[in-house]
Amino acid sequence: MSYRMRTILRGAFGRCAHCGANGVFASYGTLHERCPSCGYLFEREEGYWLGAMIANICVTEALFGVFFVAGMLLTWPDVPWTGLLIGGLVINAVIPVLYYPISKTQWVGLHLAFVRPDPVEEADMIAAKAASQAREAEQRAPDAASG
Ligand SMILES: [Zn+2]
């Protein structure tokens, strides 16, 4: 499997698109600043998640379109307009919330599919991971780590 396909699939399953690790969410819809496993920086710049919002809107409207057209075609000529309206409202209210966390990891996967980390960023990831491991070690054994 190609690198691009791998990053996109990892993101689509809510994993770190770079290393494939689980546990990238700090809470529902909120990614850790960096991947706890590889140190990849998730929030790249101000406005980075605009792409995730666009993906969320596209998925929601695609599902709504399929629901609406299939509902019309399957029930023609006695289309239950009220049912389609209620179903459409539910889809447009629920799908963005359910898809929100995955839209972020998927956006990271799409980003990584086209922009691989350069050597400077790879070094930054290694340094961030080492700092994180040192903090964890200090929390586990504060006396031993401090001297
Ligand atoms: Zn990772």
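# Reading helices, burial and bends in a predicted model

Q: How many C-beta neighbours does Leu9 have inside 10 Å, and how is Leu9 counted for that reason?
A: Leu9 has 16 C-beta neighbours inside 10 Å and therefore counts as partly exposed, since 20 or more would be needed for buried and 12 or fewer for exposed. Bear in mind throughout that this model is predicted. Leu9 belongs to helix H1, and its C-alpha atom is separated by 7.4 Å from that of Gly109, although the two are 100 residues apart along the chain.

Q: What does Arg6 count as, and where does this residue lie?
A: Arg6 is also a residue of helix H1, and with 16 C-beta neighbours inside 10 Å it counts as partly exposed. Between the C-alpha atoms of Arg6 and Gly20, which are 14 residues apart along the chain, the separation is 8.6 Å.

Q: At what angle do helices H1 and H3 pack, and how should I read that angle?
A: Helix H1 (residues 3–12) packs with helix H3 (residues 81–114) at an angle of about 170 degrees, and their axes are 7 Å apart. An angle over 145 degrees counts as roughly antiparallel, so H1 and H3 are roughly antiparallel to each other. On the H1 side the residues making the contact include Thr7, Ile8 and Gly11, while those of H3 include Ile102, Val108 and Leu112. Sorted by class, seven residues in this contact are nonpolar, five are polar and two are charged.

Q: How far apart are the end C-alpha atoms of H3, and where does a kink lie?
A: The 34 residues of H3 would reach 50 Å in a straight helix at 1.5 Å a residue, but the end C-alpha atoms are only 43 Å apart. There is a kink of about 50 degrees at Tyr100, shortly before the proline Pro101.

Q: Which residues of H3 are buried, and what do they pack against?
A: Among the buried residues of H3 are Lys104, Trp107, Val108 and Leu112, and the buried residues of this helix pack against H1, E2 and helix H2 (50–75). Strand E2 (residues 30–31) contains Leu31, which counts as buried because it has 20 C-beta neighbours inside 10 Å. Apart from neighbours within four places in sequence, Leu31 is in contact with Val24, Phe25, Ala26, Phe42 and Lys104.

Q: How does helix H4 read, in its span and in its number of buried residues?
A: Helix H4 (residues 119–140) has 22 residues and reaches 32 Å from first C-alpha to last, close to the 32 Å expected at 1.5 Å a residue. The number of buried residues in H4 is zero, so this helix lies largely in the open.

Q: Is Ile54 buried or exposed?
A: Ile54, whose place is in helix H2, has 12 C-beta neighbours inside 10 Å and therefore counts as exposed. From C-alpha to C-alpha, Ile54 and Ala93 are 16 Å apart in space, with their positions 39 residues apart in sequence counted as the distance apart.

Q: Is the peptide bond from Trp76 to Pro77 cis or trans?
A: That bond, from Trp76 to Pro77, is cis, with omega near 5 degrees, and Pro77 is found in the loop between H2 and H3.

How values were computed
Residues numbered from 1 in each chain as written. Predicted model: local features only at pLDDT ≥ 70, side-chain atom pairs only at ≥ 80, totals over all residues. Helix = DSSP H or I, 4+ residues; strand = E, 2+ residues; numbered from the N terminus. Contact = placed C-beta atoms within 7 Å. Axes fitted to C-alpha atoms, helices over the stretch in contact; angles between N-to-C directions. Parallel < 35°, antiparallel > 145°, perpendicular 65-115°, else oblique. Nonpolar A, V, L, I, M, F, W, Y, C, P; charged D, E, K, R; others polar. Expected span 1.5 Å × (residues − 1). Bend = angle between axes of the 7 residues up to and from the residue.
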